[in-house]
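Subject: Structure for your review

Hello,

Here is the structure I said I would pass on. Please look through it first; my notes follow below.

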Amino acid sequence: QLIQGLKAAGEPTRLRILVVVARGELTVTELCRVLGQTQPRVSRHLRLLCDAGLLVRNPQGTSAYYRPVRRGDGREVFDAVLRLVDLEDAGLQRDLARLETIKAERAADAAEYFENVAADWDRLRKLHVADADVESAMVEAVEGLRVRDLLDIGTGTGRVLEVFADRIEHGVGIDLSRQMLNLARSRLDEAGHRHCSVRHGSVYDIGVESGSVDVAVLHHVLHFLDDPEAAVHEAARTLRPGGRLLIVDFADHGLEFMRAEHAHRWLGFEHEEISSWCEEAGVIDVSSTPLVHRSESDENTLTVTLWTATQRPDGPAIYTLEAAS
């Protein structure tokens with residue numbers, strides 16, 4: 001395995017690929033632009049790097065993003081090789097300049113999308129407690145827990161990954177919206193959070209091994225879903241023994257315009273409802289913290305609730321909704 005990894009890295013184009021992918025996940029098309037080579041040739045190099053255990057391919061619809069492997073022998077080889085590279089090399093400098101152009105284009109596309117939805121988001125934010133207060137409560141909820149791997153389900157703009165970036169070893173966000181993923185990817189790149197990545201995925205079939213993460217987050221996701229209970233079960237399945245599930249969503253409310261204007265399928269949730277879903281999914285010690293808007297006199301204000309639950313010490317059981325019912 002070591003020889004295969006060194007052979008894969010010991011070719012000029014593949015070494016260039018390692019250098020640029022170390023700065024953020026990229027598609028084949030983007031790598032072709034950086035390297036100035038054809039897609040079949042770049043694809044062949046990527047396949048060899050993946051076979052050698054140095055890179056990981058994350059399919060997203062008709063595209064796929066490539067990033068360094070996170071841990072294990074392949075990561076050790078990757079890091080050892082990168083330490084020996086002369087980044088002042090003129091050829092690599094040209095590659096990195098083209099990479100910055102691609103990142104700038106991503107940022108521009110993300111900014112345009114955000115501009116289109118910002119007005120609605122700002123209107124919603126005025127109805128509930130400040131984001132900073134919610135984020136502070138989420139961070140406090142995992143105090144004392146060693147977080148190696150964090151999973152943000154329905155990552156949106158990637159804000160949750162940004163909040164926890166300095167407290168985790170690795171973070172992964174999933175979302176169905178490719179526009180949101182582009183925005184999240186741009187923000188993470190800009191902040192230098194290379195240990196965090198995002199990918200396309202469903203809340204009902206996350207594609208993560210059972211018992212593989214320390215914290216799973218569902219931040220303002222459940223009220224959009226046809227089947228929020230199934231999403232809670234899937235999130236709980238991913239937790240290691242002692243891992244923490246964080247659910248942030250609105251408490252039960254009667255603002256019908258949220259359904260008509262913002263595609264909310266659920267007008268908030270009762271504590272007993274979320275608690276029963278968590279317990280049926282096998283996570284225990286469910287608690288809730290209401291975060292009330294400062295202007296409680298406004299009848300249209302919303303209460304945001306943070307629910308927390310803990311995976312049992314003996315690890316995740318394989319629960320199904322049929323079994324739970």
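In which helix does glutamate 273 lie? Glutamate 273 is part of helix α12. Keep in mind that this is a predicted model.

Glutamate 273 has a relative accessibility of 25%, and because buried means under 20% and exposed over 50%, it counts as partly exposed. Its C-alpha atom is separated by 9.2 Å from that of glutamate 229, although the two are 44 residues apart along the chain.

Helix α12 covers residues 271-280, and Ile274, Ser275, Trp277 and Cys278 are buried in it. Viewed down the helix axis, these buried residues fall within an arc of 160 degrees, so they line one face of α12. An α-helix has 3.6 residues a turn, so residues three or four places apart point the same way. Glu272 and Glu279 are exposed on the other side of α12.

What do the buried residues of α12 pack against? Their partners are α10 (228-237), β8 (239-250), β9 (283-292) and β10 (303-311). After the helix comes glycine 282, with a positive phi near 95 degrees.

On aromatics, the structure holds two pairs. In one of them, phenylalanine 269 and tryptophan 277 have ring centres 5.9 Å apart and planes at 70 degrees, so the pair is edge-to-face. Phenylalanine 269 and tryptophan 277 are both buried, and with Trp266 they form one aromatic cluster.

Elsewhere, arginine 185 lies over the face of tyrosine 65, at 3.7 Å from the ring centre.

Regards

Note on methods
Residues numbered from 1 in each chain as written. Predicted model: local features only at pLDDT ≥ 70, side-chain atom pairs only at ≥ 80, totals over all residues. Heavy atoms only, no water. Buried < 20%, exposed > 50% of the residue type's maximum accessible area, 1.4 Å probe, protein only. Helix = DSSP H or I, 4+ residues; strand = E, 2+ residues; numbered from the N terminus. Arc of directions from axis to C-beta. Contact = heavy atoms within 4.5 Å. Phe/Tyr/Trp six-rings, centres within 6.5 Å; stacked < 30°, edge-to-face > 60°. Lys NZ or Arg CZ within 6 Å of the ring centre and 35° of its normal.
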